[in-house]
Structures are given as C-alpha cells and as structure tokens.
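Visitor: I have a few minutes before my next spin. Can you walk me through this one?
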Amino acid sequence: MSSSGMLFVLAGPSGAGKTTLAHHLVGGNDRTDFSVSTTTRLPRGEEMHGRDYFFVDDDEFDTRIRNSYFLEWAHVHGNRYGTDGSWVRNQLALGKNVVLDIDVQGAVQIKQTMPSAVLIFVLPASSKVLLKRLEQRNTDSGKTVEKRMEAAAGEVSFMGVFDYFVCNDELEKAKSEIVTIFLAEKMKLQTIGWPVQALDYHGNYMNGIDFWKGKRVVVSSGPTREMIDEVRFISNRSSGLMGVSLAEAFLYAGAEVVLVSGPAFQMDPPGPVRLVKVGSASEMLDALGKETKEADLLVMAAAVADFAPSNPVAGKLKRTDGDFSIALESTPDITVSLSCSCPVLSFALEYGETSLLRARKKMMKKGSHAIFLNRGDKPDTGMETACNSGTLLFAGDTEDVEIMHGSKKFVAFGIAAALGREMEGLSNG
Ligand code: ADP
Ligand code: 5GP
C-alpha cells in the first residue's frame, strides 16, 4: 500500500519569513519538495528562472489560467503569482510532500479545493519587526515596502482560515516549530493510512486490496441538499465519513481516487484524492456522469435524498402563520440513470429482520456488482457514527462477506479488500 504525500502551505505577509522557513523544511527532508511558482513579476537580484520562479509575461499567464494550469493564483502587490496544479498533484501521488510559499489569498483558495492541506500562518513578533525585515532584506524599493506593509493588515485578517500559527521571532525556535508541525501531521492516522503494525491482527482481512493498484476509483459521498429556497433545504444525517474512509482505503491500495461529495460534515480526504463538491442529487448525477467515463469502479456511498422540492423558490420564503406544505418530487436514482460501464458498489441502510433480502433486491434493481448492507438498527453503526459493520453481498455467486465492527476506516479497508478478492477470483479465506 502506498502512503500519500502532504501539502504544507506557508503563508503570511511578505517579509514574514516564509521562504526562510520553507527552505528549512525542504532542506531537511528528501521526500519533501518546494513548489516553484509562476509569476508575471520581473526577476530581481540573483533570481533564476526555474529555481526561484518561472517568470512569464501577462499573455502566457492568461493562457495558463485558461488551461486550468493553476491550483491557485492571485494578484499580489501588483503582479500575478500562481501554483502549478498538476506538478503538485503528481508529487503528492508519488508520496512526496510539497511545500508552498504563497500569499494568504492563495492559501485560502487551497483550503477550499484541498481541505487536507496544512495551512501555516507565519508572522514576526510585531509589525515594526516586519517593516525592519523588509527594509533589511534590501530587495524592494521604499515604495514597494510601503505597499507590502499596507497589504499585511488585510492578510492577517484571514488567519482564522489557517490550521497553525508560527511566530517567527527567534528563527531557530520558528524552525523547530515548523518541523514539529510537519512531524505531527505525518503521524496522523489519516496521513499514514492503515499502519503495517496493525495488519497482522486480522489474518487475511486485507488480502485482495492490491487489486486496486493503478485502477481509477470514483467514490460518491455525503448527503445531497435539495433546496426549498436559497436558505433552507431537505437533506439527511449522512456525515460523509464512510465515503472519505473508502476514498482513503482505495488511495492507500494505490488507486487514483476521485471523491464526489455532497455538503458533508466530513469532507477531508488526503491531498492526492481529487475532491469534486456537489450540492443536489442532480448535480451529483452530472458530476458522476463525467467522472465515471474511464473509471474501473464506482462506489455509491452517498446518501442521496430521495425527494426534492418540485418548485424551489428564489430568495428566502417568508414566514407565514398556520400550516405550510411543500410539493416534493422523486430525485433520479443515480446508479440506474448513470448506467455506468464500470462495476458499481452500492450501499444500503436497512432496518429489521428482512434487511438482507431487501439489500439483495436493491442490488438487482440497480444492476450493481455488489452492495454493502449497513444495519440502521444496530448500535454504533451507520449514519453520524464513527464506526460501522455490515455485510458485503455480490450479484455473482461469491458468498456474502461479513465485515466486523470497527472504525469506518477499518470497515472501508475490509470492503475494498473483499471486493478486490472477488474481482480477482481469490478465495475468501
Ligand atoms: P518571506 O518569504 O515571507 O517574504 P523571507 O524568508 O524572505 O520572507 O524573510 C524576510 C527577511 O527576514 C529575510 O531577509 C530573512 O533572512 C529575514 N528573516 C527571516 N526570519 C527571520 C528571523 N526569525 N529573524 C531575523 N530575520 C529573519
Ligand atoms: P515576492 O515578489 O516577494 O517573491 O513574493 C510576493 C508574494 O507573493 C509573497 O507573499 C509570496 O509568498 C507570494 N507568492 C509567491 N508565489 C505565489 C503563488 O504561487 N501564489 C500566490 N497566491 N502567491 C505567491
């Protein structure tokens, strides 16, 4: 199983010490690379094309924006700067960590597209110190320094979007704090997947997971929102955790993973997972239509709303006295409407004694390859819980596989492995 790389974003006002700290982080770690940005600014001093920046003119920058070249880009102090998206994604997919030294607007954009990125805000002990450092750096004219100091106040107001704050007062202390953040993030279970030390406790539980290496897996996740007006909606209690856990499991198996998620509480897959955010059931259908074209598997873990208001209202409905009713219509059954060319793993949340039978019927009706049955009536399984358990059923002759109770991540690895075994024709032993 592969381990994913992490994206570290150092931001803060110009002169805060981002570049100094970024180079310290990269210098001490050969699995960590610095992202070289593209800018329309002219080179200054000893700066070299390809090492400090890729220096391009305005036309070339425009072309790159049109070609979706940038993971983020922003106007900073009168010039434009941007990060090469495919380079970053490739590095992360290779298990390498990437360090970005960018401005605050760019960092905020990254938090939206890659929520698992680690955002670190760097600031000297006071604005006076910042001014002194900009002057002593001696790379900018007096006018430019003034501009940068004015911009700093605006940048500091976005600090609440960040994960960490490092005060770059005493340089050695700031360096050690950056390294501590790096180490703590690398030890997070979300980052390391399923630790090898935990594998031999469950016999052959993970057998078959390698089947997914190099495959393209699309996972749908979370609830959908069916708007009543622009403020209220119909939805359900799905947290999105099962979908994110499945995305992680297939990623660590070595698959290329896309997570198409409704507005979930949990929507934070590891960086290399491509996140596509959707709102309603019909948006999810459109996104999955595009994403599954070349896929090897669609995992339908999303809890798609079955009904949507027939006539969503623009603006906000006024409160009225007395009864009020909303006309509803059925939403499309995504699996049936898609009629995907790849196998589909569906999910069923069922209550009561006939759950197995109903899950099997649902699998047949949807034409799915397999279905995972969670029982809504068992303690600590299903929606809004951290744990799960259930039964994996196959449309073919393969026997059902019971997945034992554990964290949703453990269950997700079990599902991916059992499906891999079945697809490879391995025994379930
Ligand atoms: P940024 O990349 O945020 O614009 P730099 O890393 O270029 O900032 O740092 C700005 C200036 O301050 C540089 O001249 C750098 O050597 C200096 N510097 C950085 N950190 C410290 C520190 N803790 N104490 C003193 N000078 C520092
Ligand atoms: P400088 O001109 O001093 O090299 O950089 C000016 C500012 O632009 C700094 O705050 C730097 O972090 C930021 N910057 C550099 N590269 C990028 C980038 O790719 N994207 C964004 N948004 N900002 C960047």
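Guide: We can take the two ligands in turn and then look at some helix packing. Keep in mind that this is a predicted model.

Visitor: Fine. Start with ligand 1. Which residues come nearest?
Guide: Gly 15, Thr 19, Thr 20, Arg 137 and Asn 168 come nearest. They belong to a set of 14 residues around ligand 1.

Visitor: What does the side chain of Thr 19 do there?
Guide: An N or O atom in the Thr 19 side chain sits 2.3 Å from an oxygen atom of ligand 1.

Visitor: And the nitrogen atoms of ligand 1? How far is Arg 133 from one?
Guide: A polar atom in the side chain of Arg 133 is 3.3 Å from a nitrogen atom of ligand 1. Leu 171 also makes a contact, but through its backbone. There, a polar backbone atom is 3.4 Å from a nitrogen atom of ligand 1.

Visitor: How much of ligand 1 gets buried?
Guide: The protein buries 74% of the area. Taken alone, ligand 1 exposes 570 Å².

Visitor: Which helix gives the most to that shell?
Guide: That is α1, with three residues. Both α1 (18–27) and α5 (127–137) supply at least two residues each.

Visitor: How do the shell residues divide by class?
Guide: Six are polar, five are charged and three are nonpolar.

Visitor: OK, switch to ligand 2. How many residues surround it?
Guide: For ligand 2 the number is 16. The closest are Ser 37, Arg 41, Tyr 53, Tyr 81 and Asp 103.

Visitor: Give me distances. What about Tyr 81?
Guide: The Tyr 81 side chain has an N or O atom 2.5 Å from an oxygen atom of ligand 2. Arg 44 also reaches an oxygen atom of ligand 2, with a polar side-chain atom at 3.0 Å. Glu 72 meets a nitrogen atom of ligand 2 instead, and its polar side-chain atom is 2.8 Å away.

Visitor: How much of ligand 2 does the protein cover?
Guide: It covers 95% of the accessible area. On its own, ligand 2 has 510 Å².

Visitor: Which elements give two or more residues to its shell?
Guide: Two strands do, β5 (70–76) and β6 (79–84).

Visitor: And the mix of classes around ligand 2?
Guide: Seven residues are charged, five are nonpolar and four are polar.

Visitor: New topic. You mentioned α1 and α5. What does α5 pack against?
Guide: One partner is helix α6 (residues 142–156). The α5 and α6 axes are 10 Å apart, at an angle of about 150 degrees. Angles over 145 degrees count as roughly antiparallel, so α5 is roughly antiparallel to α6. The crossing of α5 and α6 is right-handed.

Visitor: And α1? At what angle does it cross α7?
Guide: The angle is roughly 55 degrees. The axes of α1 and α7 (residues 171–187) come within 10 Å. That makes the pair oblique. Here α1 passes α7 in a right-handed crossing.

Visitor: Last one. How do α9 and α13 cross?
Guide: Helix α9 (residues 241–252) and helix α13 (residues 408–424) cross at roughly 50 degrees, and their axes come within 8 Å. So α9 is oblique to α13. The crossing of α9 and α13 is right-handed.

Visitor: Quick recap of the two ligands before I go?
Guide: The protein buries 74% of the area of ligand 1. For ligand 2, it covers 95%. Helices α1 and α5 contribute to the first shell, and strands β5 and β6 to the second.

Note on methods:
Residues are numbered from 1 along each chain as its sequence is written. Chains are lettered from A and ligands numbered from 1 in the order in which they are written. This is a predicted model: local features need pLDDT of at least 70, side-chain atom pairs count only at pLDDT 80 or more; totals for chains, interfaces and linings use all residues. Side-chain values use heavy atoms; hydrogens and water are left out. A residue is near a molecule or strand if one of its heavy atoms lies within 4 Å of it. A polar contact is a pair of N or O atoms within 3.5 Å; within protein, one must be able to donate a hydrogen and the other to accept it, and residues adjacent in sequence count only if both atoms are side-chain atoms. Accessible areas come from the Shrake-Rupley method with a 1.4 Å probe; for residues, only the protein chains shown count as cover. Helices (H or I, at least four residues) and strands (E, at least two) are DSSP runs, numbered from the N terminus. Ala, Val, Leu, Ile, Met, Phe, Trp, Tyr, Cys and Pro count as nonpolar, Asp, Glu, Lys and Arg as charged, and the others, Gly among them, as polar. Axes are lines fitted to C-alpha atoms, for helices over the stretch in contact, and angles run from 0 to 180 degrees between N-to-C directions. Angles under 35 degrees count as roughly parallel, over 145 as roughly antiparallel, 65 to 115 as roughly perpendicular and the rest as oblique. A crossing is left-handed if the near helix is turned anticlockwise from the far one by less than a right angle, and right-handed if clockwise.
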